[in-house]
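Q: I have a multi-chain model open and I'd like to practise reading it feature by feature. Could you walk me through it?

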Amino acid sequence: MSHLQLDHLHLRYGNAPAVEDLNLEVQDGELVSLLGPSGCGKTTTMRAVAGLLAPAGGTITLGGQDITRLPANRRDIGLVFQSYALFPHLSTFENVAFGLRLRKVQDAELRRRVGDALEVVGLSEFAARLPANLSGGQQQRVALARAIVIEPRLLLLDEPLSNLDAKLRLDMRGELRRIQRELGVTMLYVTHDQDEALALSDRIVIMRAGRIEQQGTPEQVYARPGTPFVADFMGWQNILSAGNVPEPLRRTHPAATHFAWRPESVTLGAGPTSGRVLARTYQGEHLEFLLDSPLGRVKAFAPVTAQWAEGSELTFTLPPERAAALRDA
Amino acid sequence: MNSSRVPIIILYLTLVFLVGPFLVVFIAAFGGEPTLKFPPTSFSTQWFTKVFEVESFRSSFLTSLGLGLMSTSLALALGIPVAYALSRFRLPGAVVIQTVLTSPALVPGLVVGLALLQYFINLGGSVYPSLLAAHTALLLPYVVRVVSTSLINLKPDIEEAAISLGASRLTAFRLVVLPNIRGGVAAAAVLAFITSFDQVAVSLFLTGPGVSTLPISMLTFMEYNYDPTIAALSTLLIIFSIGLVLVFERVLGLSRYV
Amino acid sequence: MPGRTVTPWLLVTPALLFLTLVFLYPVVKLLLNSFSVGDTFGLGNYTSFFGDRFNLEVLWRTLRVALVVTLVSAVVCYPAAYGIQSVPPRYRGLVTALIIVPLMTSPVARTYAWLVLLGQTGIVNTALLRSGLVQEPVRILYTEWAVYIGMAQLFIPLMLLTLISAMENLPRDVVPAARSLGATSLQSFTRVILPLTREGLVVGGTLVFTGCITAYVTPALLGGARVQLLATLLYQKAGVTVDYAAASVISVVMLALTLTVAGVLRGRGGRT
């Protein structure tokens, strides 16, 4: 009943096309992330789904109903903003009660539902506080409670964690996942942070310049990037054009334009290629070496016991079995 | 003298220059002589009593008060929607709209008054409506500017949040926007009222027998009377302004809006 | 949102209609009227206005007053605005209030203060006589000096507030940074503060200059019939001698001056 489908969606930002011919499905109860750098069209897409932006073409279907032209205030879609967008003049309780009051929910039921929502996000004691007197993480939870209390058919979250500090972000990530599972709500999650998308999602949709570049489960997009763009986004730091890699590898993937290796896949100290250490940086669990080689610059991790100094020459291997074959979109 | 003290000394001297003359008016208002003299040689409060006895002051004060309240309300009613539209929508021709709306602040008040005198009153229009219209036009740019400032500082996403929770745009404005721009609206109202209440240039041509505003009555009175009545009235007006400024600076931070 | 193309127009139309009807139409008509002689188009009103030496004198005096007052307020307000940083924070609100009070006070009451101060029996003359510097009362009232003084008091608050806010918006620590790089306090003013507050200076300058050109009460009360400016001349032509042709020419000249100054300064320094 909360199945979202976007067909041939075209969106404009001002007069410039922001999203072109986007097709996307989100299953009932599924958590899908729209992942991409700023300007890729992910937030624009979310705003169109919310009804805050009229599409230039295409249709949006929610639970079998065409909502393309339905006003935003009649869509029953919960929205959580990057800035939280709490109503500064209303208490936590009244912020959460806002949508219910508009729906003319009776007082007793309203109290119960607001109480439940605040309990879900762990803010029961803060009901009387104004947003200005809450921490960033608490404001975030109020925004979430306010969106879920109306029992939306779909929950949209726009970079909800990006204003929190690193530790809190990790905590809230787990919380979001728990709440989504607990309520079974369908969720579309917009982020530019690949770790967040990997940790949270059932499925990740990677967007670039208004189009979908690749989609799949977190494991799929992480381990098997299809394009240099996705590989780069997923932390495949060594992306070499096909002309630079040894012949046998090229032959097994004739269509590939690039090959990529993660820094931890590069074997240092033995192999056919030699490079000079440009930088050696300590990263706690390992050392990172930046090498200048005939293949281009290569990043590799080594145990903290490794002794190569900056400026020294060493050999390395790019194991073919750990390469990702990429095709420029 | 330490050279780093020079700026603050200049600041204090400037303040004396700006506010000092008011003290002189206060003192002159309590003089006992029948013509204005400074410093006065005797003490009297009779001029304060006289302010309230002069019929033209009484009637013009009521005119100015009513005119100020009405033109302020009208300017708010016309101006708040414009400020909202300009800050929340991308309008084709927004520059033209903005220019038209600021134009009453660019055209000298005397010219506005003269124009309305020639093309409204002289063609049979009545005085009070044209005064009201001229004052309202004059206040609109202030209202739009001050309210726009508050609206720009208020992120549009709280309206979108309200809409996503089921509010229409009008409901979102009433429940979410208006409560958060109260300060700006109140500041706009205070500034607008004072601008109307103190207005001379626009009113000069638009007052006549029967209808006069307080500042115009004061100017007329001064032509024929040399006693300190005007000093007493000025004292009252200055005290009123000081009170207003202090209260609103404390409550609203008026200086942010001037 | 659906309806987004209609809603904003519904919001701006009443105000635009209102202004067109009660403001734009009469003002434009008044301005156009200056170009008609009898029933035909012509520049006759202009040639006769500018052919009169007295009118040219008034025009020149208006420009002089506006220019002098603008320059003086800039010169006074820069250090004064800078000085507010040395005011203890808890008194800053009071200082700001003192700057705003004159702005919020009836210009008649404000100007009246100068009548008391500058008159033949006013405090300035009394002091001068007592000190023996002069033997007879000096005429200050109804001279250009009185107009300068009144205008300065009228418009310094605008310049001061604009510059204070421009200085508050200076990036933090730019002056200490300049000083640490070896700039003298004069150099840090001319090389750092002045360029960074130029926009505020332009805005304040425009307000003061156009204010001086259009102010009526101050020249009327302090300048009197002897020291006329365009505004008082306009009142005399339209209100006393009922010479609407000359009045409309003065209207055009005043408007042209204020718009030119606003436009030129805006072009040189950013928004106004």
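A: Sure. Bear in mind that this is a predicted model. Let's begin with a sheet: in chain A, four antiparallel strands make an open sheet, and their order across it is β2-β1-β4-β5.

Q: Which strands of chain A stand at the edges of that sheet?
A: Look for strands with a single partner. In chain A those are β2 (16-26) and β5, so each of them has one side without a neighbour in the sheet.

Q: How many bridges join β1 to β4 in chain A?
A: Five bridges link β1 (residues 4-13) with β4 (residues 57-62), and the two strands of chain A run antiparallel. To get the register, pick one pair: D7(A) has T59(A) in β4(A) as its bridge partner.

Q: Now backbone angles. What should I make of phi?
A: The general idea is that most residues other than glycine have a negative phi. Here D76(A) has a positive phi, near 55°, and isn't a glycine. You'll find D76(A) in the loop between β5 (65-66) and β6 (77-80) of chain A. E159(A), also not a glycine, has a positive phi of about 45°. The loop that holds E159(A) runs between β7 (154-158) and α5 (166-183) of chain A.

Q: Why does D76(A) count as buried?
A: It comes down to counting neighbours, with 20 or more C-beta atoms within 10 Å as the cut-off. D76(A) counts as buried because it has 20 C-beta neighbours inside 10 Å. E159(A) also has 20 C-beta neighbours inside 10 Å, so E159(A) counts as buried too.

Q: Let's move to chain B. How many helices and strands are there in chain B?
A: Twelve helices and zero strands. For overall dimensions, use a box along the principal axes: the C-alpha atoms of chain B fill roughly 70 × 65 × 30 Å. Of its 258 residues, 50% count as buried. For contacts, look at sequence separation: among those in chain B between residues at least 6 apart, 74% join residues at least 24 apart.

Q: Where does UniProt list "transmembrane region" in chain B?
A: The unreviewed UniProt entry gives residues 9-30, 65-87, 99-121, 133-154, 175-194 and 229-248 of chain B. You can then check such a span against the model. Residues 65-87 of chain B are 100% helix and 0% strand, with end C-alpha atoms 32 Å apart. Residues 99-121 of chain B are 91% helix and 0% strand, and their end C-alpha atoms lie 27 Å apart.

Q: How many residues does the contact between chains C and B take from each?
A: Chain C gives 70 residues and chain B gives 71. On the chain C side, the elements that give two or more residues include α1 (7-33), α3 (53-83) and α13 (244-269) of chain C. The biggest giver is α1(C), with 15 residues. By residue type, the chain C side splits into 54 nonpolar, 14 polar and two charged.

Q: And how do I read α1(C) itself?
A: Compare its span with the expected one. The 27 residues of α1(C) reach 37 Å from first C-alpha to last, close to the 39 Å expected at 1.5 Å a residue. Then look for a bend: α1(C) has one of about 45° at T20(C).

Q: Which residues of α1(C) are buried?
A: Among them are P8(C), L11(C), V12(C), A15(C) and L19(C), along with V22(C), F23(C) and P26(C).

Definitions and conventions:
Residues numbered from 1 in each chain as written. Chains lettered and ligands numbered in written order. Predicted model: local features only at pLDDT ≥ 70, side-chain atom pairs only at ≥ 80, totals over all residues. Contact = placed C-beta atoms within 7 Å. Nonpolar A, V, L, I, M, F, W, Y, C, P; charged D, E, K, R; others polar. UniProt positions renumbered as here; feature names shortened; annotations may be inferred. Expected span 1.5 Å × (residues − 1). Bend = angle between axes of the 7 residues up to and from the residue. Buried ≥ 20, exposed ≤ 12 C-beta atoms within 10 Å, placed from the backbone. Pairing = 2+ DSSP bridges.
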